Amino acid sequence: MVPYGVVGVVYDIDECSEGNFSCDPNATCINSQGSYNCQCKNGFQGNGKQNCTDIDECSEESTNECHLNATCSNTPGSYECECRTGYHGLGRACTDIDECSDGNFTCHPNATCINTQGSYECQCKNGFQGNGKQNCTDIDECSEESTNECHLNATCSNIPGSYECECRAGYRGHGRACTDIDECSERNFTCHPNANCINTHGSYVCRCKIGYEGDGIKNCT
C-alpha cells in the first residue's frame, strides 16, 4: 500500500530479461510496456507464441540469393547455396570451370576438348570420326574419290588423320594437280635410233620409221 500523500511509482516488469515469458523456441521475446511480444526469428513465420514454422527459401527463386547455376538447400531458419558440378564459387556467385584449360577432361588422344557452360565436349580431330571420348578412328579418305582431292592421275595414300597424293609415273605435280610428262620433247625416252618417239598420256611409244619394221625399242630393221 502506498502511504497517503505519496505518489506511487510504477515500474514495468521486463518479462524477457527475467525469463518470464512464453514464446516459441524459434521466436524472440520483445519487451513492451506492461507486457511483451513474441516475434519469429529470421527464416521462420508464425504468431511467435504458439508457432514459428521454417520458411522454405528454396521453394521460390525470389526468396533466396542462390546463383542460377547453384542448388539451394533449405535449412532450419535459413538456406545454403552450392555451385553445381562444372562451376566453382560460394553458391551466390558461380563461374564456369574451363576443364579444357585446366587439363581436367577425358577425351580421346585424337580429339579436341571444347569447353561448354558447366561441362565440356570432345570432338574428333579432322580426319577422324567417333564420339570423341572413347573412340576417334581414322577416316580412310582414299576409300572413295569423293573424300579426297587427289588428281585422277595420282595415287592416294591414307595416313592417320589425313592422306597424301602422289602423281603416277609419267606425270608430275603435287598430287592434287598432275600434268603429263612429254618424254619425247624432254628426250627422256629409250627408242631405237631408227624409231620415232610418240608421246602418250603418262608414257610414250616407239614406232619404227617408214621403211623399217620392228618393236621400235630394240630393233628397227
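Guide: A residue counts as buried when its relative accessible area is under 20%. The model discussed here is predicted.

Visitor: Why is Tyr36 called buried?

Guide: The relative accessibility of Tyr36 is 16%, so Tyr36 counts as buried.

Visitor: What makes Phe21 partly exposed?

Guide: Partly exposed covers the range between 20% and 50%. Phe21 has a relative accessible area of 35%, and therefore belongs to that class.

Visitor: How many aromatic pairs are there?

Guide: The count comes to three aromatic pairs. One of them joins Phe21 and Tyr36, whose ring centres are 6.3 Å apart.

Visitor: Why is the pair of Phe21 and Tyr36 called edge-to-face?

Guide: Rings pair if their centres lie within 6.5 Å, and planes over 60 degrees apart count as edge-to-face. The planes of Phe21 and Tyr36 stand at 65°, so the pair is edge-to-face. Phe21 lies in the loop between α1 and β1 and Tyr36 in strand β2, so the pair ties together parts 15 residues apart in sequence.

Visitor: What makes the pair of Phe105 and Tyr120 edge-to-face?

Guide: Their ring centres are 6.3 Å apart and their planes are at 65°, so this pair is edge-to-face. Phe105 is in the loop between α2 and β9, whereas Tyr120 is in strand β10. Tyr120, with a relative accessible area of 18%, is buried, while Phe105, at 33%, counts as partly exposed.

Visitor: How do you know that the charged end of Lys49 sits over the ring of Tyr36?

Guide: The distance cut-off is 6 Å from the ring centre, and the charge must also be within 35 degrees of the ring normal. The charged end of Lys49 is 5.3 Å from the ring centre of Tyr36 and is counted as sitting over that ring.

Conventions
Residues are numbered from 1 along each chain as its sequence is written. This is a predicted model: local features need pLDDT of at least 70, side-chain atom pairs count only at pLDDT 80 or more; totals for chains, interfaces and linings use all residues. Side-chain values use heavy atoms; hydrogens and water are left out. Rings of Phe, Tyr and Trp (its six-membered ring) pair if their centres lie within 6.5 Å; planes under 30 degrees apart count as stacked, over 60 as edge-to-face and the rest as tilted. Helices (H or I, at least four residues) and strands (E, at least two) are DSSP runs, numbered from the N terminus. Buried means under 20% relative accessible area, exposed over 50%, partly exposed in between (1.4 Å probe, protein chains only).
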